[in-house]
Amino acid sequence: MLALMDSTFVMAIDQGTTSTRAMIFDRAGRVVGADQLEHEQIFPQAGWVEHDPVEMWLNTTRVIAGALENAHLDGSQIAAVGITNQRETTVVWDKVTGNPVCNAIVWQDTRTQSICDDLAADGGVDRFKELSGLPLATYFSGPKIRWILDHIPGARERAERGELLFGNTDTWILWNLTGVHATDVTNASRTMLMDLRTLQWDAAVAEALGVPVRMLPEIRSSSEVYAVCRSGPLQGVPVAGILGDQQAATFGQGCLSPGLAKNTYGTGCFMLLNTGHEVVPSHNGLLTTVCYQLGQNAPVYALEGSIAVAGSLVQWVRDNLGLISKAEEIEELAKQVRDNGGAYFVPAFSGLFAPHWRPDARGALVGLTRFVNKFHLARAVLESTAFQTREVLDAMEADSGITLSELKVDGGMVLNETLMQFQADILGVDVVRPIVNETTALGAAYAAGLAVGYWESTDDILANWGEGKRWQPRMPVAERDRTFRMWKKAVTKTLDWVDADTPG
């Protein structure tokens, strides 16, 4: 353990899909300072989603300084830094200059479908699933690395000479903070390149994907001192925790025992169920992933249901349709009507993720009549997230044999009480929001603080967790069954949309 001296707080850097923020927590897990900046969402063509890695790094430096200023602290009062991040988003850069070879390819991007199809021709979409826990899908980092090496002039030759480095955004931020090229087991488990059981890169899979192993970061645990920050206001402060955003939220929610689950409502929507030290294969469209690993302890695994579009649908309604000017206005519109008026919105903008894994799907708004108005559409937008969550929960219970009695929730959308009530209604179980909703950043802070002795054990996580609000189901069972049946019918209308010559 490192001597804590007079340091009294832990900082988390949360590099997310739409923004980067820094949050500072005290020992009770309460926020004492924060800052946040959005970064540009780049859409070069249909199906492509990119971020500028340099913009993300510069924003990181700014929010670090901003959070310290807002908390009236300086770097000497920070015991450790944790990093949490949008997973699968792929950055490749020059190991000497630090210049990215191209924009980051975001997890939502679908340009690698032909690569996935070619790989699936030998062994099917589950070709690497036994080893990696993941089906062949555009979602994951491995095919994105392959695309960059195949399409950026000179990139493959440079990578094979050892001149280029790869990382998800956790690695990109860590490298810029410390100069160390590393990742943690949770992020590595999202590349399709890591063996879930050995927690090491698999050379055979890397060769099949056309990815030189030498460009991959060192895999470390989720809670240990990786290095110290080499400059800026955090100079000398250890970076001691890394967790992919959904694993961080699971950790921050205190889902530390097998059978406990959480659902995070952000850009996408992600449910994780702790399965303990057992690697549980999914037969119902879920992913098997690493939940976390604390130092030298045995890894903890999870089943995950990944939904591509949740909060980003509200963003789309705001930015592309102009129906609202601020995201929170969607609830006010939805509250004007009792139900969706028969309209269902299936937001398959990047195909359908769990539990369907149908890259050929595209978004659809169905069930329209002259009766439907903008209030019904707003409600259909919110309900789509709850319906998708129900699909994932059903798959999770089928895979695990565990029937959940309640679901812990977090993320920006859980402030939408209309959505949370409908979520409880359509699930038929209680939905519980914690007092501290920022569980993604908090989970990264816990991982870092545990590594340096700021918190003594995971018992402190459980002691800090507190229930903020609970929603109980109110919808009659017959109505729940009917609306979910109609949702499943709506999903069928999105399938088989993409043909070989369909753009995006």
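These are my notebook entries on the pockets, salt bridges, cysteines and one strand of this structure, which is a predicted model.

**Entry 1: the largest pocket**

I began with empty space, since rolling a probe the size of a water molecule over the atoms shows where it is left. The largest pocket holds about 1,200 Å³ of space. I noted that 43 residues line the largest pocket, and that Y265, G266, T267, G412 and M413 are the closest to its centre.

I then asked which helices and strands each supply at least two residues of this lining. The strands are β2 (19-25), β3 (31-38) and β15 (261-265), and the helices are α9 (245-252), α10 (311-321), α11 (329-334) and α14 (439-452). The largest share comes from α10, which gives 5 residues to the lining of the largest pocket. Sorting the lining of the largest pocket by class, I wrote down 20 polar residues, 12 nonpolar and 11 charged.

**Entry 2: the second largest pocket**

I looked up the second largest pocket next, and its volume comes to about 700 Å³. Its lining is made of 36 residues, and those nearest the centre are T110, Q113, D117, T138 and P359. Which element gives the most to the lining of the second largest pocket? I found that it is helix α2, residues 113-120, with 5 residues. The classes in the lining of the second largest pocket are 18 nonpolar, 10 polar and 8 charged residues.

**Entry 3: strand β15**

I returned to β15 because it is among the elements that each supply at least two residues of the lining of the largest pocket, and I wanted to know how it sits among other strands. I recorded that 5 of the 5 residues of β15 are buried. Both of its faces are covered, with A261, N263 and Y265 buried on one side and K262 and T264 buried on the other.

With strand β16 (residues 269-276), β15 pairs in the antiparallel sense over 5 bridges, and a hairpin of 3 residues joins the two. In this pairing I found Y265 opposite C269 of β16, and I noted again that Y265 is one of the residues closest to the centre of the largest pocket. With strand β21 (residues 406-410), β15 pairs in the parallel sense over 3 bridges, and here N263 stands opposite V409.

**Entry 4: salt bridges**

I turned to charged pairs, since side chains of opposite charge can pair when their charged atoms come close. How many salt bridges are there? The count comes to 31 salt bridges.

I looked at three of them one by one. In the salt bridge between R190 and E304, the closest N and O atoms are 2.9 Å apart. R190 lies in the loop between α7 (185-188) and β10 (194-195), while E304 belongs to strand β18 (residues 300-307), so this pair ties together parts that are 114 residues apart in sequence. Are these two residues buried or exposed? R190 has a relative accessibility of 0% and counts as buried, and E304 is likewise buried at 0%.

I also noted that R190 and E304 belong to a network of salt bridges that links them with R87, E88 and D245.

The second pair is R318 with D319, where the closest N and O atoms are 2.6 Å apart. R318 is partly exposed with a relative accessible area of 23%, and D319 is partly exposed with 47%.

The third pair is R470 with E467, whose side chains meet in a salt bridge at 2.9 Å from N to O. R470 is partly exposed at 30% relative accessible area, and E467 is partly exposed at 39%.

**Entry 5: cysteines**

Last I checked for disulfides, each of which is a covalent bond between the sulfur atoms of two cysteines. My search of the whole structure gave 0 disulfides. For C291, the nearest cysteine sulfur is that of C255, 7.9 Å away; a disulfide needs the two sulfur atoms within 2.5 Å, so I could not count this pair as one. C291 is buried, with a relative accessible area of 0%. I looked up C229 as well, and found C229 buried with a relative accessible area of 1%.

Notes
Residues are numbered from 1 along each chain as its sequence is written. This is a predicted model: local features need pLDDT of at least 70, side-chain atom pairs count only at pLDDT 80 or more; totals for chains, interfaces and linings use all residues. Side-chain values use heavy atoms; hydrogens and water are left out. On a 1 Å grid over the protein atoms alone, a cavity is a set of points where a 1.4 Å probe fits but cannot get out, and a pocket is an open set with protein on both sides within 12 Å along at least five of seven lines; lining residues have an atom within 4 Å of a point. Grid points are joined across faces, edges and corners, and a volume is the space filled by probe spheres set on the points. Helices (H or I, at least four residues) and strands (E, at least two) are DSSP runs, numbered from the N terminus. Ala, Val, Leu, Ile, Met, Phe, Trp, Tyr, Cys and Pro count as nonpolar, Asp, Glu, Lys and Arg as charged, and the others, Gly among them, as polar. A salt bridge is a side-chain nitrogen of Lys or Arg within 4 Å of a carboxyl oxygen of Asp or Glu. Buried means under 20% relative accessible area, exposed over 50%, partly exposed in between (1.4 Å probe, protein chains only). Two strands pair if DSSP finds at least two bridges between them.
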